[in-house]
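Here are my notes for a colleague coming to this entry without prior acquaintance. They are set out as numbered points, each of which can be followed with the model open alongside.

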Amino acid sequence: MTNLTNTSTTKQFFDLHIKGIGYVNRIREVTVKKGQPYLSCTIAALRGNSEDVEYTYFECNVTGEKAKDLMERCIEASDLKKKILISFCLGDLYSETFTYSKGAKQGQTGVSLKARLLKVTSIKIDGELKYSDKEQSSENQVESPSNDEQGAA
């Protein structure tokens with residue numbers, strides 16, 4: 001008689017996270033024919049010398065629950081073309097090619113960087129701090145703030 005042992009397999013994942021600061025644009029809910037609608041945004045991440053800033057653009061699906069809540073609260077500011085600067089954490093970066101359909105690059109191939117917006121650690125709208133998870137953690141030690149006191153957009 002043979003003894004069989006049950007081996008439970010646990011899934012392992014390799015995380016690739018990108019942390020940075022950047023401007024958020026085009027916060028929107030995307031509806032699809034099959035499946036659930038999802039929240040999406042574009043982040044223009046800052047990089048390089050602070051006196052000669054360069055940008056890297058990420059098309060993001062907002063997947064973190066707290067990030068969804070915070071980005072939904074920024075939709076109005078985004079629609080009003082206010083400057084929304086966030087500190088963020090992205091995951092699952094991948095690239096996708098496309099062909100420009102108009103403009104000077106019409107017919108040329110371009111590359112789009114896509115990722116999941118996992119976490120937002122701070123938000124400034126037109127230079128005014130609206131949310132910081134550092135403030136949240138210190139406030140929570142003293143007293144739980146109401147929604148109005150949390151300072152989200």
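1. The side chains of Ser 87 and Ser 122 are joined by a polar contact of 3.0 Å, and since the model is a predicted one, this distance should be read as a computed value. Ser 87 lies in strand S4, where it stands opposite Ser 122 in S5, and the side-chain contact thus accompanies a pairing of the two strands, S4 and S5. With a relative accessible area of 18%, Ser 87 is buried, because that value falls under the 20% limit.

2. The strands around this contact deserve a closer look. Strand S4, residues 84-99, pairs with S5 in the antiparallel sense over 14 bridges. S5 is also joined to strand S6, residues 128-132, by four bridges, and these two strands likewise run antiparallel. Ser 122 takes part here as well, for its bridge partner in S6 is Ser 132. Between S5 and S6, which form a hairpin, there are two residues, and Asp 126 in the turn has a positive phi of about 50 degrees.

3. S5 has a further partner, strand S3. In which sense do S3 and S5 run, parallel or antiparallel? Strand S3, residues 54-62, and strand S5, residues 109-125, run parallel and are joined by five bridges. One of the residues concerned is Cys 60, whose bridge partner in S5 is Ala 115.

4. Cys 60 also receives a contact from another strand, since the side chain of Ser 40 reaches the backbone oxygen of Cys 60 at 3.1 Å. Ser 40 has its place in strand S2, residues 38-47, and with a relative accessible area of 6% it is buried. Cys 60 counts as buried too, at 0% relative accessibility.

5. How many disulfides does the structure hold? The structure holds zero, and Cys 60 is in none, the nearest cysteine sulfur being that of Cys 41, which is 4.9 Å away. A disulfide requires two cysteine sulfur atoms within 2.5 Å, so Cys 60 and Cys 41 do not qualify at their distance of 4.9 Å. For Cys 74, the closest cysteine sulfur is again in Cys 41, but it is 9.7 Å away and therefore too far for a bond. Cys 74 is buried, with a relative accessible area of 0%.

6. For the chain as a whole, there are three helices and six strands, and read along the sequence they follow the pattern β-β-β-α-α-β-β-β-α. The chain has 153 residues, of which 29% are buried, and the buried residues discussed above, including Ser 40 and Ser 87, can be read against that figure.

7. Which residues line the largest pocket? Its lining is made up of Tyr 23, Val 24, Asn 25, Arg 26, Ser 78, Asp 79, Lys 81, Lys 82, Lys 83 and Ile 84, and its volume is about 160 Å³. At least two lining residues come from each of strand S1, residues 17-30, and helix H2, residues 75-79, with S1 giving the most, namely four residues. By character the lining divides into five charged, three nonpolar and two polar residues.

8. Lys 81, one of the residues in that lining, merits a separate check of its backbone, as it has a positive phi of about 60 degrees although it is not a glycine. Lys 81 sits in the loop between H2 and S4, and with a relative accessible area of 73% it is exposed, because that value is over the 50% limit.

9. A positive phi also appears within a strand, where Asp 92, found in strand S4, has a phi near 55 degrees despite being a residue other than glycine. Is Asp 92 buried, exposed or partly exposed? At 38% relative accessibility, Asp 92 counts as partly exposed, whereas Ser 87, which also lies in strand S4, is buried at 18%.

Definitions and conventions:
Residues numbered from 1 in each chain as written. Predicted model: local features only at pLDDT ≥ 70, side-chain atom pairs only at ≥ 80, totals over all residues. Heavy atoms only, no water. Buried < 20%, exposed > 50% of the residue type's maximum accessible area, 1.4 Å probe, protein only. 1 Å grid on protein atoms, 1.4 Å probe; cavity = no way out; pocket = protein on both sides within 12 Å on 5 of 7 lines; lining within 4 Å. Points joined across faces, edges and corners; volume = space filled by probe spheres on them. Nonpolar A, V, L, I, M, F, W, Y, C, P; charged D, E, K, R; others polar. Pairing = 2+ DSSP bridges. Polar contact = N/O pair within 3.5 Å; in protein donor to acceptor, adjacent residues only side chain to side chain.
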